[in-house]
Amino acid sequence: MALLVHFLACAFGVGSWVAVNGLWVELPLIVNALPEGWDLPSYLTVIIQLANVGPLLVTLMHKLYPGCLKEYIVIYSILSIGVLSCILLAFFWDRTTIFIGASRSTAFFIITFFLSLVDCTSSVTFLPFMMQLPAKYITTYYIGEGLSGFIPGVVALAQGVGMAKCVNSSETAGNHTGSLHTEYLPPNFSTEVFFFILAAMMCISMAAFVALNRLPRTYELSTENLVQDTVVSVSSYLDNSGADLDGGSVKNNGEAVAQGRHLVAKPSVYQLTFIYFLVVWVNSATNGLLPSVQTYSCMPYGNLAYHLSAALASVANPVACTLAMFIQNRSLVFLGLLAVVGTGFGSYNMAMAAMSPCPLLHGSAVGEAIIVLSWLFFTGTLSYVKVMVGVILRDRSHNALVWCGAATQMGSLVGSVIMFPLVNIYQFFKSGDFCNTECPL
């Protein structure tokens, strides 16, 4: 039974961000077909942030009307919207309309908003729902959340998204004296098929939620509590047996259980402040600041470096979550130091993006290896921090997880808002053709 619940929790977590992650990995194909071209990612960033109205409303409902909002109804609703939106996207993603005298991807923008609404709202509904299950399933849920980025990335790699080759611009003229340029190869299957795969993953997530919502949780929870209460009662009796024999008062079972529940000390106000700061910062870095410039930090080293960084970074997320199942360290000092280490790798990635199209060790295998490993460790270390913070807050209260989700979205919003003008308005980061870029030694 426990193994089945682990599987369902993982499948449920996959539906958290699979739609938006799928859109990001498919962008290299979409931008070539829609009129916005390479401006499309900036539009997508704005749309995702507008969709934060979903978690904002959920958080306000919890604050203003405690206990009135039924989370399972919200989850049923958003998963249904997610499935329908993915199907509609497969049929209408390339439909355009004339707006203010120009061709616009109206259908794509509208459907993307609803997909973003689903994923953003999942941050403040999925985790609180998982609190109804024993704490060990929280980590499994995070593994599923990590797979929501890994699986679309693997599918995109199989599709051939972004695969390119260097071609002589005058090959068609029968000579080889022209300059090189990058030419993208056609995909192995269409964008429509990719969106249907996303719809299928959303359906699996919904089926997992239906099963989890109907599980006989009372039995499983009571079993876990029975074991804990028994251990607490026995240890309490042994610790106090001498006092009892000397005429001291005997503690009843309820007092022993209450004492046992406080064996893991709850964080203080200052510790909670630090925890929520970690949540905001880690999600700002992993969901806003660095993803906006991954292309600029990796593409100067070549297409292979970019794809390895994207794929291995996606793998690092569920691996870190799996590691957290077996090696749990709740020390805030340790988590703080780990966050600093992850930030160091992220700083290197940001520095290479700022130096684009000529970063350090450009054109060398060492440079490629370093940037790939930097993205791998950046994602892995901060993913572990996110998991452990979620476990700590789960043990505190239901509202703690709700505010954890809200802090997650706030961090993502802050990171995106900071990077949008730097990338799209001030053009602080420069792109370049890998096949045709000459950098000074």
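## Rings that pair up

Two rings of Phe, Tyr or Trp make a pair if their centres lie within 6.5 Å. In this predicted model, such ring pairs tie Phe12, Tyr76, Phe126, Phe129, Tyr141 and Phe209 together into a cluster. Searching the whole structure turns up 15 aromatic pairs.

Take Tyr76 and Phe209 from that cluster: they meet edge-to-face, 4.8 Å centre to centre, with 75° between the planes. Along the chain they sit 133 residues apart, with Tyr76 in helix α5 (residues 71-92) and Phe209 in helix α9 (residues 191-213). Tyr76 is partly exposed, at a relative accessible area of 25%, while Phe209 is buried at 0%.

## Another edge-to-face pair

Phe334 and Tyr384 also go edge-to-face, with 6.3 Å centre to centre and 90° between the planes. This pair links helix α15 (residues 332-354), home of Phe334, to helix α16, where Tyr384 sits 50 residues away in the chain.

How do the two compare for burial? Phe334 has a relative accessible area of 33%, so it falls in the partly exposed class. Tyr384, at 6% relative accessibility, counts as buried.

## The nonpolar core

The largest nonpolar core has 105 residues, and the members touching the most others are Phe12, Phe108, Met130, Phe195 and Leu212. Helix α16 (residues 365-394) supplies the largest share of this core, 13 residues.

What does Phe195 contact, leaving aside its neighbours within four places in sequence? The list is Leu23, Glu26, Ile30, Cys86, Leu89, Ala90 and Trp93.

Key: Residues are numbered from 1 along each chain as its sequence is written. This is a predicted model: local features need pLDDT of at least 70, side-chain atom pairs count only at pLDDT 80 or more; totals for chains, interfaces and linings use all residues. Side-chain values use heavy atoms; hydrogens and water are left out. A nonpolar core is a set of buried Ala, Val, Leu, Ile, Met, Phe, Trp, Tyr and Cys residues joined through side-chain atoms within 4.5 Å. Buried means under 20% relative accessible area, exposed over 50%, partly exposed in between (1.4 Å probe, protein chains only). Helices (H or I, at least four residues) and strands (E, at least two) are DSSP runs, numbered from the N terminus. Contact means heavy atoms within 4.5 Å. Rings of Phe, Tyr and Trp (its six-membered ring) pair if their centres lie within 6.5 Å; planes under 30 degrees apart count as stacked, over 60 as edge-to-face and the rest as tilted.
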